[in-house]
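Work through the exercises below with the sequence and the 3D view open. Try each task before you read its solution.

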Amino acid sequence: MTMALADDFIAAGQDADCHILRFSLQPPPGRGAAGRDASGEKGPRKRKGPSPAAQGDTQNQTSEVTVESLHSVRTDFSPDALQKAVRFNADCSLLVTGGADGFLRLWEFPSMKKTLEFKAHDGEIEDIALGPDNKVVTAGRDFQCCVWQRDQLVTGLCWNENLPGIPDKAYRYQACRFGAVEDNAGALRLYTVQVPHKRERRPPPCYLTKWDGRSFLPLLTRPCGSEVVSCLSVSDSGTFLGLGTVTGSVAIHIAFSLQRLYYVKEAHGIVVTDVAFVPESQRGRELLAGNEAALLSVAVDSRCKLHLLPGRRSLPVWLLLLLCAGLIVATILLLQLAFPGFL
């Protein structure tokens, strides 16, 4: 139900345990790592036409993923034990887990030696985000979103301090993520999702909040629809936010203004469990094929879907200036026709 990636390692939650796995990509059968086929010849070669007996055969050219299990540790000790969140730090030397018992646990990686545990929330930990200076942000079902330096509370977040019409316990924090700031190297923003604590016949909106990543002061809050949000993701550049909902819908918002750019109602038949943007690497840009962003969504319906955000068209500066000049000239001519003595 929960997963984090670090290079070729996977930290996967299953009930009360965290499993550490290592995966590798194997070449297709009959081909070595250097692209040689079984005959030892490199690259494509001429082949004789297939014999009648072999015409019904097919050759599998699909690469295979092999997975090796390395560790398994228990990360939650509540009666209904369940690991609900797991994250790696930036250099993958630390793994942080949170679960239904409200405890935050820190593990050395890859040895999985526990270095710290403490009670972070009264109730389940919904999400974890790792920020600058080894700070950890936790979102809990106890209406709290907290910033920790190891086991010391740095500050508690208050998303509705500038929205006096919203009671403190009408909403709870569902997700939290750090993201880069476009065109501002080194800066970070924290994004949180707030969802209604109680279901109502006329559901109130969920909210997105953007925070300064160092002072943890709220910068902007906007509603993001009445469907309850289940997961949040931030693109590599920090330009876009991806949202999944409990009703299976998927949306993409622009991080700067929190406005929605893309929405598919009930893209899945049931809860979206995670969303992730295609990495903005060289290979990722090749896969985008002219689109601004690509978002993958997975859900309890056992489906994975790809959502493409088409590139937004923009006018060149010279064309924009030319249009402005033309508009000014046209306005003057119209005024001259309407009022002959205008000029």
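## Exercises on a predicted model

Start with a surface residue. Val67 sits in strand β4, which spans residues 64-74. The model is predicted.

**Exercise 1. Decide whether Val67 is buried or exposed, and find which residues share its nonpolar patch.**

Step 1. Take the relative accessibility of Val67, which is 51%. The cut-off for exposed is over 50%. Val67 therefore counts as exposed.

Step 2. Look at the patch. Val67 forms a nonpolar surface patch with Leu25 and Val65. Together they have about 300 Å² of accessible area.

**Exercise 2. Follow the strands from β5 to β8 and state how each is paired with the next.**

Step 1. Begin with β5, residues 83-88. Of its 6 residues, 5 are buried, so the strand is largely enclosed by the rest of the structure.

Step 2. Pair β5 with β6, residues 94-99. The two run antiparallel and are joined by 5 bridges. Val86 has Thr97 of β6 as its bridge partner.

Step 3. Check the turn. This hairpin has 5 residues between the strands, and Cys92 takes a positive phi near 60°.

Step 4. Move on to β7, residues 103-108. β6 and β7 are antiparallel, with 5 bridges. Gly98 is partnered by Leu104 in β7. Here the hairpin has 3 residues between the strands, and Gly102 has a positive phi near 80°.

Step 5. Finish with β8, residues 114-119. Again the pairing with β7 is antiparallel, over 5 bridges. Phe103 stands opposite Lys119 in β8. The β7 and β8 hairpin has 5 residues between its strands, with Met112 at a positive phi near 60°.

**Exercise 3. Asn89 lies in a loop; find which strands the loop joins, and decide whether Asn89 is buried or exposed.**

Step 1. Place the residue. The loop of Asn89 is the one between β5 and β6.

Step 2. Read its relative accessible area, 13%. Buried means under 20%. Asn89 is therefore buried.

Step 3. Look across the chain. Pro132 is 43 residues from Asn89 in sequence, and their C-alpha atoms are separated by 9.7 Å.

**Exercise 4. Find how many salt bridges the structure has, and examine three of them.**

Step 1. Count. The whole structure has 12 salt bridges.

Step 2. Take Glu117 and Arg105, whose side chains meet at 2.7 Å, N to O. This pair links distant parts of the chain: Glu117 is in β8 and Arg105 is in β7, 12 residues apart. Glu117 is partly exposed at 37% relative accessible area. Arg105 is buried at 3%.

Step 3. Take Arg172 and Glu126, a salt bridge at 3.9 Å, N to O. Arg172 lies in β13 and Glu126 in β9 (residues 125-130), so the pair ties together parts 46 residues apart in sequence. Both Arg172 and Glu126 are buried.

Step 4. Take Arg177 and Asp127, with closest N and O atoms 2.6 Å apart. Arg177 is in β13 and Asp127 in β9, 50 residues apart. Arg177 and Asp127 are both buried.

Step 5. Look for shared partners. Salt bridges join Lys84, Glu124, Glu126, Arg141 and Arg172 into one network.

**Exercise 5. Find which strand gives the most residues to the largest nonpolar core.**

Step 1. Size the core. The largest nonpolar core has 16 residues. Among those with the most contacts inside it are Val137, Trp159 and Phe216.

Step 2. List the strands that each supply at least two residues of this core: β10 (135-140), β11 (145-149), β13 (171-180) and β15 (207-212).

Step 3. Choose. β13 gives the most, with 4 residues.

Step 4. Note the second core. This separate core has 15 residues, including Tyr191 and Leu258.

**Exercise 6. Find how many disulfides the structure has, and test Cys176.**

Step 1. Search the whole structure. The result is 0 disulfides.

Step 2. Test Cys176. The nearest cysteine sulfur, that of Cys145, is 5.1 Å away. A disulfide needs sulfur atoms within 2.5 Å. Cys176 is in no disulfide.

Step 3. Check exposure. Cys176 has 0% relative accessibility and is buried, whereas Cys158, at 33%, counts as partly exposed.

Note on methods
Residues are numbered from 1 along each chain as its sequence is written. This is a predicted model: local features need pLDDT of at least 70, side-chain atom pairs count only at pLDDT 80 or more; totals for chains, interfaces and linings use all residues. Side-chain values use heavy atoms; hydrogens and water are left out. Buried means under 20% relative accessible area, exposed over 50%, partly exposed in between (1.4 Å probe, protein chains only). Patches are made of residues with over 30% relative accessible area and no salt bridge: like charges are joined within 9 Å, nonpolar side chains (Val, Leu, Ile, Met, Phe, Trp, Tyr) within 5 Å. Accessible areas come from the Shrake-Rupley method with a 1.4 Å probe; for residues, only the protein chains shown count as cover. A salt bridge is a side-chain nitrogen of Lys or Arg within 4 Å of a carboxyl oxygen of Asp or Glu. A nonpolar core is a set of buried Ala, Val, Leu, Ile, Met, Phe, Trp, Tyr and Cys residues joined through side-chain atoms within 4.5 Å. Two strands pair if DSSP finds at least two bridges between them.
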